[in-house]
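Good morning, colleagues. Please look at the sequence and the structure on the screen while I take you through a few selected residues.

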Amino acid sequence: MAPDTKTIPGYTIFREGDYDSASAAAFTPRGVPHPLDQLSIVEIPVAARLIREWASPKILKFNCITLREPPKLQYAAYKQGRSGRPDRRAFAIVIEQEGSGKIFEVIVNLTKSKVEDWKEVKDVMPTLTLEDLDLMERISRKDPKVIEACRGLGIIDMSKVFIDGWAIGVDERWGFERRLQQGLAYYRNHELDNQYAHPLDFTVIADTERQEVLSVDIRYVNGERTTIPLDEHQYLPEFIGDGYRHDRLKPIDITQPQGVSFRIHGNELSWAGYKMHIGFNYREGIVISDVRMYDPYENRDRALYNRISVAEMVVPYGCPDTPHHKKHAFDLGEYGSGYMTNSLKLGCDCKGAIYYMDGVLCTGKGEAAVIKNAICIHEEDNGLLYKHTDCRDGTVVSARDRKLIISQIITAANYEYGFYHTFTLDGTYKLEVKLTGMLNTYCMHPSEQAAPSPYGTEVAPAVIAQNHQHIFSLRVDPEVDGCENTVLQSDAVESKHPLGSPENFYGNGFYCEKTPLRTALEGATNYNHETSRSWDIINPNKLNPVSKKPVGFKIVNNACPSLLAKPGSVVWKRAAFARKSLWVLPYKDYELFPAGDYVCQSTGEKNHPDNLTIQDWANRNERIENTDIVCYIQFGLTHFPRTEDFPIMPAEPVSVMLRASNFFQRNPALWVPPSAICVDSISQNAFPSNCCSADEPKGHSRL
């Protein structure tokens with residue numbers, strides 16, 4: 001039977017038995033799955049069936065079905081050959097239908113074909129899936145209250161009204177008896193029109209489960225409605241084609257005639273001495289596990305990280321006026337990075353010699369949903385790795401770096417985020433996020449145009465984009481040469497000895513002050529620009545024989561804006577993770593998400609029994625020194641919109657980096673052979689240039 005592709009745009013849907021052997025082989029890892037492999041198109045429908053049979057006669061809606069990763073110690077024992085393969089388990093969140101709306105967490109043992117745990121969770125709301133968000137537009141166009149609000153603006157044709165579904169930041173009118181979302185309204189004058197150029201002056205509040213519009217909130221200014229800004233601001237090629245710089249931009253081709261340098265076996269990847277496992281789930285998207293690197297000086301693979309993922313992000317908007325106070329999106333916790341993942345296209349999203357991995361998720365009916373080409377893996381040139389010119393004899397040594405990139409791109413309503421997990425040849429890991437897509441826009445009343453708001457920028461006539469922040473949380477479960485790790489806070493400080501003293505006569509002394517973070521509350525700390533603060537994840541039990549310092553990796557993070565919401569505000573409570581640049585906590589299985597397991601409609605109140613947050617974890621104030629730890633690293637940007645960001649935003653990058661710091665005995669870049677030939681960018685032929693010509697004794701490369 002052919003797979004159904006109609007349920008959700010961009011997904012290929014498989015029900016149990018609704019695939020042939022070729023389909024199963026195409027979307028399922030060969031042989032026995034690795035313990036960290038995402039659930040396959042075969043496993044997800046089986047898990048759904050077992051859950052339905054257990055719950056019968058209840059009618060269920062599946063919010064997620066995803067891999068229940070084995071406990072860390074169990075997986076470690078399996079890797080080391082001390083125990084057998086862990087059972088395959090699925091974790092599901094289900095919503096009881098037919099009025100009750102109760103929410104349950106379920107664990108299914110797929111190896112033994114049985115439900116192992118069934119737990120009701122209260123006063124929480126699970127992720128809004130694409131199916132949930134789609135209903136907002138569908139029910140709004142038919143709702144009398146929405147139709148009347150549109151008629152007040154002169155809109156008769158409801159097919160021209162578009163509603164972006166969002167999770168709701170705060171609405172005091174309803175509690176947890178309803179699963180809420182808000183709809184932001186726009187207008188399209190024709191099929192290819194840019195709706196974000198025509199924001200409407202009302203928002204819609206809906207009950208997701210009852211598929212019911214609860215309220216249409218119209219914003220009045222001086223007792224008046226705000227008319228639709230109708231000027232068109234286009235970005236599609238149908239409108240820009242004649243303005244493209246075809247004569248100025250020549251093609252760039254990326255070729256690797258001998259093939260790529262990485263190898264893939266199932267979902268395990270090896271490259272330039274690195275080894276790792278690539279996973280994927282509905283909430284975090286890409287998950288990189290079991291990262292290690294071969295050290296030729298010690299002739300062994302050395303552990304670096306147990307697990308890396310983007311665990312959360314928040315986008316708080318800075319306009320206090322209604323309805324904008326409701327806009328603080330937790331794009332991962334409220335919608336799921338996996339659910340929003342694009343199917344990547346060669347030459348557009350990725351360029352060069354590409355290896356793709358698919359993402360496998362579930363639908364509300366418990367079917368398997370495949371996102372083709374969800375993950376892109378490729379290599380890129382990374383510029384200069386090292387270079388030195390001897391000024392006496394002109395000898396030059398130079399080597400090019402390259403990077404391995406594991407990436408995905410998500411669409412969160414108006415915004416696109418590209419996540420690029422990057423490894424380089426000197427032992428560095430870097431996460432770069434590129435922000436693009438569309439600004440969230442709103443219409444302006446003539447009186448507001450006359451007196452511009454400090455909380456936004458008029459990016460087009462009568463169209464405003466509000467100030468906002470993007471704060472990401474990178475979760476790093478380190479394993480620096482073993483599980484017993486410590487974090488040192490590193491600050492550049494001037495010498496304590498005064499000017500003119502024997503110890504610092506000329507007053508130029510400074511050094512790096514290292515402060516161990518010993519407890520979880522000490523581990524909640526902020527970046528300090530004045531001291532160029534960084535942090536070292538070290539193994540205090542392993543000393544570098546050269547430096548006599550503990551082996552480690554340095555967290556380099558100077559792009560970490562402070563959360564600007566007032567202490568005690570709704571978003572300040574809900575986004576506790578964003579209050580600090582770094583949190584260091586003792587590792588615990590299944591404590592993953594810093595804003596809580598359930599972010600939709602969350603309040604951020606302390607010690608919610610079914611929804612603990614990072615602040616609750618830190619308040620235990622447990623020891624984090626020389627033990628198994630996990631780090632949450634916050635980074636991002638504060639965005640004051642520009643006219644150049646409209647109608648479509650040029651990609652803006654932001655990143656965080658972890659670099660080897662006394663981990664190796666010598667510079668690992670020396671493992672990379674130096675470049676022997678330079679290529680003149682003007683000529684079409686490679687030839688020895690003056691800087692590294694083998695024909696000239698004062699310009700040769702050392703090999």
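Which backbone oxygen does the side chain of glutamine 182 reach at 3.1 Å? The partner is lysine 326, whose backbone oxygen is reached by the glutamine 182 side chain at that distance. I should say at once that this is a predicted model, and that the values I quote are computed from it.

Let me stay with glutamine 182. This residue belongs to strand E7, which covers residues 180-187. A further polar contact takes its side chain to the backbone oxygen of alanine 167, at 3.0 Å. Is glutamine 182 buried or exposed? Glutamine 182 counts as buried, because its relative accessibility is 1% and the cut-off for that class is under 20%. Beyond its neighbours within four places in sequence, glutamine 182 contacts Met136, Val204 and Ile205, among others. The list of contacts also includes the run Asp164, Gly165, Trp166, Ala167, Ile168 and Gly169. For tryptophan 166, which stands 16 residues from glutamine 182 along the chain, the C-alpha separation is 5.2 Å.

I turn now to isoleucine 93. Its place is in strand E3, residues 89-96. With a relative accessibility of 4%, isoleucine 93 is classed as buried. Among the residues it touches, setting aside those up to four places away in sequence, are Lys61, Phe62, Ile103, Tyr282 and Tyr598. By contrast, 48 Å separates the C-alpha atoms of isoleucine 93 and cysteine 512, which are 419 residues apart along the chain.

A word on annotation. An unreviewed UniProt entry lists residues 34-119 as "domain: Copper amine oxidase N2-terminal". Over that range the chain is 24% helix and 34% strand, with 27 Å between the end C-alpha atoms.

Next, the nonpolar cores. Which residues touch the most other members of the largest core? They are Ile65, Ile406 and Tyr417, in a core of 152 residues. Strand E17, residues 368-389, gives the most to this core, namely nine residues. There is also a second, separate core of 20 residues, which includes Ile155, Ile163, Phe202 and Val216. As for isoleucine 65, its contacts outside the four nearest places in sequence include Leu39, Ile44, Phe91, Cys362 and Gly366.

Finally, the aromatic residues. How many aromatic pairs does the structure hold? The count is 22. One of them joins tyrosine 282 and tyrosine 339 in a tilted arrangement, 5.4 Å centre to centre and with 50 degrees between the planes. Tyrosine 282 lies in the loop between strands E12 and E13, and tyrosine 339 in the loop between helix H7 and strand E16, so the pair ties together parts that are 57 residues apart in sequence. Both tyrosine 282 and tyrosine 339 are buried. Elsewhere, one aromatic cluster has Trp271, Tyr297, Phe423, Phe553 and Trp671 among its members.

Two charged residues also sit over rings. Arginine 68 lies over the face of tyrosine 590, 3.6 Å from the ring centre. The charged end of lysine 434 is placed over the ring of tyrosine 420, at 5.5 Å from its centre.

Thank you for your attention.

Methods:
Residues are numbered from 1 along each chain as its sequence is written. This is a predicted model: local features need pLDDT of at least 70, side-chain atom pairs count only at pLDDT 80 or more; totals for chains, interfaces and linings use all residues. Side-chain values use heavy atoms; hydrogens and water are left out. Helices (H or I, at least four residues) and strands (E, at least two) are DSSP runs, numbered from the N terminus. Buried means under 20% relative accessible area, exposed over 50%, partly exposed in between (1.4 Å probe, protein chains only). Contact means heavy atoms within 4.5 Å. UniProt positions are given in the numbering used here, feature names are shortened, and annotations may be inferred rather than shown by experiment. A nonpolar core is a set of buried Ala, Val, Leu, Ile, Met, Phe, Trp, Tyr and Cys residues joined through side-chain atoms within 4.5 Å. A polar contact is a pair of N or O atoms within 3.5 Å; within protein, one must be able to donate a hydrogen and the other to accept it, and residues adjacent in sequence count only if both atoms are side-chain atoms. Rings of Phe, Tyr and Trp (its six-membered ring) pair if their centres lie within 6.5 Å; planes under 30 degrees apart count as stacked, over 60 as edge-to-face and the rest as tilted. A charge sits over a ring if NZ of Lys or CZ of Arg is within 6 Å of the ring centre and within 35 degrees of the ring normal.
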